[in-house]
Amino acid sequence: MRKSLLDLTVSGIERVHERYVLIRLTDSSPLPAMLPGQFVEVRVDNEPSTFLRRPISINYVDRDRNELWLLVATVGAGTRRIASLRPGDRLNCLLPLGNGFSPAESGQRVLLVGGGVGVAPLLYQGKVLSERGVHATFLLGARTSHDLLLLDLFSQYGPVETTTEDGSHGEKGFVTDHSLLTGASFDLIQTCGPTPMMKSVARYAHQHAIACEASLENLMACGLGACLCCVEKTTEGNVCVCKEGPVFNINRLLWQI
C-alpha cells in the first residue's frame with residue numbers, strides 16, 4: 001500500500017481520560033486508503049527532547065468527514081506535546097504503515113479483545129467488519145470503569161462486553177476470565193493491548209483451535225524496517241514488527257502457548 005507524508009490539520013481534539021486524547025485530523029484532499037491495524041508515524045515538533053517520530057495506531061477513519069482519528073496515550077514528552085495541539089494546528093504524519101487485521105468473511109463471528117490504549121485499532125476494525133456482514137463482539141478490559149474508553153462508539157458496531165480488575169464495570173477480573181469465553185464460539189479472535197493480556201488470549205485461542213491475530217506494540221521508531229528497534233523473534237526468524245506486522249497470526253510468534 002502506498003505511503004504518504006502529509007501535513008494534516010487538527011479538526012478536533014477531545015480529552016477522553018486524564019491520560020488519553022482523541023485527535024481528529026483532516027486534509028484538503030481525500031485521505032489515502034488505510035486498513036484497520038495499520039499505524040501512523042507522527043512527527044513531534046517544538047519538543048527539544050523528542051527526536052524520533054511516534055507510532056500511533058489508526059483508531060478510526062471517517063470517510064464522510066475525511067477524518068483520521070488517533071487515540072493518543074500521553075506517556076512522555078512527545079505524546080504530551082501531541083496532546084497539546086489545538087484545532088487548526090498541523091501534524092506531520094507518515095501513513096499508512098504496517099500490515100493490518102484480516103477482514104474476515106460475511107457471516108463469520110469475530111471476537112475483538114482489547115486492553116488499555118490497545119483498544120484503539122479495534123474500533124475501525126469493528127466498523128469494517130460490520131460493513132462486511134461480519135458479526136463482531138468486543139471484549140474490553142481495564143483496571144476500573146473509569147479506564148474503559150469509547151464504549152459508546154464501540155457499541156455502534158457490535159455487542160460490548162467488559163472486565164475490570166476491581167469489578168466496577170462488567171465482570172471482575174481479566175478479559176480471559178470473562179464468561180463469554182465459556183459460552184460462545186468464534187471463528188476468529190483479534191487482539192491488541194498489553195503483551196501479557198495478548199499472550200493469555202492467544203493461549204485461549206490455541207487451546208480452542210480458534211484462528212487468532214495479535215497486534216504487537218513493540219517500540220517502532222522509523223516505521224519502515226530500517227532502525228531494527230522493533231525486532232520480534234518469529235518462526236521465520238527475526239522480523240521488524242513495523243514492516244511485517246504489527247498484526248501477526250499467533251502461529252508465527254514464539255509465544256509460550
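User: In strand 13 (residues 231-234), which side chains point to the face where they are buried, and which point to the other?
Analyst: Glu232 and Thr234 point to one face of strand 13 and are buried, whereas Val231 and Lys233 point to the other and are not. Buried denotes a relative accessible area under 20%, exposed one over 50%, and partly exposed what lies in between, for a 1.4 Å probe and protein chains only. In a regular strand, the side chains alternate between the two faces of the sheet. The model is a predicted one, in which local features require pLDDT of at least 70 and side-chain atom pairs pLDDT 80 or more, while totals for chains, interfaces and linings use all residues. Residues are numbered from 1 along each chain as its sequence is written, and side-chain values use heavy atoms, with hydrogens and water left out.

User: How do you know that strand 13 and strand 14 (residues 237-240) pair?
Analyst: Two strands pair if DSSP finds at least two bridges between them. Strand 13 and strand 14 have four bridges in the antiparallel sense, and therefore they pair by this definition. Strands here are DSSP runs of E with at least two residues, helices are runs of H or I with at least four, and both are numbered from the N terminus. Within strand 14, Val239 is the bridge partner of Glu232. A hairpin of two residues joins strand 13 to strand 14.

User: What makes six strands a barrel, and in which order?
Analyst: The six strands close in the order 1-2-5-4-3-6, with antiparallel pairing. On average, neighbouring strands of this sheet are turned by 45° against each other, direction ignored. Strand 2 (residues 20-26) and strand 5 (residues 67-73) are paired over seven bridges in the antiparallel sense, and Thr26 has Glu67 in strand 5 as its bridge partner.

User: Which strands does helix 2 (residues 120-131) touch where it packs on the sheet?
Analyst: Helix 2 touches strand 4 (54-62) and strand 5. Contact means heavy atoms within 4.5 Å. The direction of helix 2 makes about 30° with that of strand 4; axes are lines fitted to C-alpha atoms, for helices over the stretch in contact, and angles run from 0 to 180 degrees between N-to-C directions.

User: Why does Leu150 count as buried?
Analyst: Leu150 has 11% relative accessibility, a value below the cut-off for buried, and it is therefore placed in that class. Leu150 lies in the loop between strand 8 (135-142) and helix 3 (151-154), and its phi is positive, about 60°, although it is not a glycine.

User: Why does Ala209 count as exposed?
Analyst: Ala209 has 74% relative accessibility, which is above the cut-off for exposed, and the class follows from that. Ala209 also has a positive phi, near 55°, in a residue other than glycine. Its place is the loop between helix 5 (195-207) and strand 12 (211-215).

User: Which peptide bond leading to Pro96 is cis, and what is its omega?
Analyst: The bond from Leu95 to Pro96 is cis, with omega near -15°. Pro96 lies in strand 6 (residues 90-97).

User: How many cavities of 30 Å³ or more are there by this rule?
Analyst: There are two. On a 1 Å grid over the protein atoms alone, a cavity is a set of points where a 1.4 Å probe fits but cannot get out; a pocket is an open set with protein on both sides within 12 Å along at least five of seven lines; and lining residues have an atom within 4 Å of a point. Points are joined across faces, edges and corners, and a volume is the space filled by probe spheres set on them. The largest cavity holds about 50 Å³, and strand 8 gives the most to its lining, with three residues. The second largest cavity holds about 40 Å³.

User: What is the volume of the largest pocket, and which classes make up its lining?
Analyst: The volume is about 470 Å³. The lining of the largest pocket has 14 nonpolar, eight polar and two charged residues. Ala, Val, Leu, Ile, Met, Phe, Trp, Tyr, Cys and Pro count as nonpolar, Asp, Glu, Lys and Arg as charged, and the others, Gly among them, as polar. Of its 24 lining residues, Pro55, Ile56, Ser57, Val117 and Glu217 lie nearest the centre, and strand 4 gives the most to the lining, with four residues.
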